[in-house]
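Here is a short, friendly walk through one protein chain. Have the sequence and the 3D view open as you read.

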Amino acid sequence: MKIGVSIRNILSIILVCSFLTSCVSRKEVVYFQGLERADQQLSENISKGLKIKPNDLLTITVSAPEQAAAMPFNLPVVGMPQSGSTMDLGVTGRQQLQTYLVNNDGTIRFPVLGSIKAIDLNRKELADLLSDKISDYVQDPIVNVRIVNFQVSVLGEVNRPGTFEIRDEYLSLPKALGLAGDLTIYGKRKNVLVVREQNGQKTHAYLDLTDPYVLESPFYYLQQNDVVYVEPNGAQVQSASYNRNASVYISIASVLVSLAVLLTR
């Protein structure tokens, strides 16, 4: 009799634990809920491209039908040493374009043209500006601008936290999270923090990935050196000192109790 009472108590505890470990709502984990209903109401959130900031690194190439005329407007190409070799030995590997550093006042020093203000322009706007100025010297110039220091850091409850170099100009928050292996089941999808530096000051926003209107946030498209932090949910914080395999142990315990019931009949 005592064994039967003990088994019933154990079963009750297992049932309570199972209930507590399985009460995750769909609303807490599914992204962009109701997007089909909000589609017509969402304003177009088309990124106009990254804005150039102080301390950015740019590569700028100028070409023209007469390439010799465009050469003075290009920085020399430098040879990068191969792995394990040195420049002193005269061994070079791949060639690499030199970069322009955007000064604290937002300008770059450009060949022939001198000081050019680049801050708050996107790469197309800067290319158009340079093309207009170079056309005084070169017929039909083609200017290509790239921002080469585009990096974002993704931290917290993601599968592969780290800092990622981005070659594309457009990086949405979901794509950045995808690079980090997506959120773990323990990450807060309704409270993803994005930290950004604008005009020398830190600013931030909390984004709800379950809300379709997150697409309208100015933080939805990330900028260079943004930091994304995924906060652990309440259950994960409370269970920080417990093993995440507790549900497995509960299942094993329930099987053992079932066997005990059969053996005591």
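Let us begin at Asp226, which is buried, with a relative accessible area of 0%; buried means under 20% relative accessible area, exposed over 50%, and partly exposed in between (1.4 Å probe, protein chains only). A word on the source: this is a predicted model, in which local features need pLDDT of at least 70 and side-chain atom pairs count only at pLDDT 80 or more, while totals for chains, interfaces and linings use all residues. Residues are numbered from 1 along each chain as its sequence is written, and side-chain values use heavy atoms, with hydrogens and water left out.

**Salt bridges**

Which residue does Asp226 pair with in a salt bridge? The partner is Arg196, and the closest N and O atoms are 2.8 Å apart. Here a salt bridge is a side-chain nitrogen of Lys or Arg within 4 Å of a carboxyl oxygen of Asp or Glu. Arg196 lies in strand E10 and Asp226 in the loop between strand E11 (201-207) and E12, so the pair ties together parts that are 30 residues apart in sequence. Helices (H or I, at least four residues) and strands (E, at least two) are DSSP runs, numbered from the N terminus. Arg196 is buried too, at 2% relative accessibility.

Side chains of opposite charge can pair when their charged atoms come close. The whole structure holds five salt bridges, and three of them are set out below, including the one just described.

| Pair | N to O distance |
|---|---|
| Arg196 and Asp226 | 2.8 Å |
| Glu231 and Lys188 | 3.5 Å |
| Lys202 and Glu197 | 3.5 Å |

The pair of Glu231 and Lys188 links distant parts of the chain, with Glu231 in strand E12 (residues 227-232) and Lys188 in strand E10, 43 residues apart. Glu231 counts as partly exposed at 27% relative accessibility, and Lys188 is partly exposed at 29%. In the remaining pair of the table, Lys202 is exposed at 63%, whereas Glu197 is partly exposed at 40%.

**A pocket beside strand E10**

Glu197 turns up again in the second largest pocket, where Lys53, Pro54, Glu197, Gln198 and Asn199 are the closest to the centre among the 21 lining residues. The space in this pocket is about 460 Å³. On a 1 Å grid over the protein atoms alone, a pocket is an open set of points where a 1.4 Å probe fits, with protein on both sides within 12 Å along at least five of seven lines; lining residues have an atom within 4 Å of a point. Grid points are joined across faces, edges and corners, and the volume is the space filled by probe spheres set on the points. Strand E10 (residues 187-198) gives the largest share of the lining, four residues.

**Loops**

Tyr221 is found in the loop between E11 and E12 and is partly exposed at 26% relative accessibility. Its C-alpha atom is separated by 6.1 Å from that of Leu173, 48 residues apart along the chain.

Where do positive phi values occur in residues other than glycine? One is Asp182, with phi near 70°, in the loop between helix H5 (173-179) and E10; Asp182 counts as partly exposed at 32%. Another is Val112, at about 70°, in the loop between strand E5 (107-110) and strand E6 (114-117).
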